[in-house]
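Student: I've just opened this one and want to get my bearings. Where do we start?

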Amino acid sequence: MMQGTKKTHPTSATVEQVEAGAGLDRSTTSTTKHTTPPPPPQAAKISDFLSKGEQNAIPLRHLRELVHLPARTVRLMIRAERMSGTPILESSSATGGYFLPNSNHERARCVQRLRRRAAEIVKVADAIAAADIERGRGDG
């Protein structure tokens, strides 16, 4: 890649266009405050907003803005899609984000990360379960 050249995110233009109102027929839009609620969660699928490949991962905050829903709802929608067979992956990069697999290798790496994370959570739960309640009070 040439120095000084910055790759843009594939959805960045879309987000900017949406924010700017691009593609709207101005003759049919009102200048009053738009009060129509966003579509119900079941009407939109998160996977429709995702691109293939980890390099195209979309952070949760951007997904929230795209679907006009709270982060918790977006995470629940992602979980529901995953459970119904849509392989929505999580980025391992510091910026994080969600994306669709570009290869079996990407999918396998994400599965491995999730399983490692799950194993760590089980270890912590086991340690808490085995802990002496009296010792954990701090008055000992």
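Tutor: With the naming: helices (H or I, at least four residues) and strands (E, at least two) are DSSP runs, numbered from the N terminus. This is a predicted model, in which local features need pLDDT of at least 70 and side-chain atom pairs count only at pLDDT 80 or more, while totals for chains, interfaces and linings use all residues. Residues are numbered from 1 along each chain as its sequence is written, and side-chain values use heavy atoms, with hydrogens and water left out.

Student: OK, so how many helices and strands does the protein chain have?

Tutor: The protein chain has four helices and two strands. Read from the N terminus, their order is α-α-α-β-β-α.

Student: And how much of the protein chain is buried?

Tutor: Of its 140 residues, 25% are buried (under 20% relative accessible area with a 1.4 Å probe and protein chains only; over 50% is exposed, in between is partly exposed).

Student: What share of contacts in the protein chain join residues at least 24 apart?

Tutor: That share is 53%, counted among contacts between residues at least 6 apart in sequence. Contact means heavy atoms within 4.5 Å.

Student: Let's switch to pockets. How much space lies in the largest pocket?

Tutor: About 350 Å³. A pocket here is an open set of points on a 1 Å grid over the protein atoms alone, where a 1.4 Å probe fits, with protein on both sides within 12 Å along at least five of seven lines; lining residues have an atom within 4 Å of a point. Points are joined across faces, edges and corners, and the volume is the space filled by probe spheres set on them.

Student: Which lining residues are closest to the centre of the largest pocket?

Tutor: Those are I78, R79, R82, I88 and L114, out of 17 that line the pocket. Two elements, α3 and α4 (104-130), give two or more residues each to the lining.

Student: Which element gives the most?

Tutor: That would be α3, with seven residues in the lining of the largest pocket.

Student: While we're on helices, where is M77, and is it buried or exposed?

Tutor: M77 sits in helix α3, and M77 is buried, at a relative accessible area of 9%. Its C-alpha is 9.5 Å in space from that of S47, although M77 and S47 are 30 residues apart in sequence.

Student: New topic: E54. Where is that residue found?

Tutor: E54 belongs to the loop between α1 (12-20) and α2. E54 counts as buried because its relative accessible area is 15%.

Student: What is E54 in contact with?

Tutor: Setting aside neighbours within four places in sequence, E54 contacts S91, S92, S93, F99, E106 and R109.

Student: E106 is on that list. Where is E106 found?

Tutor: In helix α4. E106 has 10% relative accessibility, so E106 is buried. Not counting residues up to four places away, E106 touches G53, E54, Q55, L89, F99, L100 and P101. From C-alpha to C-alpha, E106 and S91 are 9.5 Å apart in space, with their positions 15 residues apart in sequence.

Student: Last one: what is the phi of H68?

Tutor: Phi of H68 is near 55 degrees, which is a positive value in a residue other than glycine. H68 is in the loop between α2 (60-67) and α3 (71-83).

Student: Is H68 buried or exposed?

Tutor: Exposed, because the relative accessible area of H68 is 54%.
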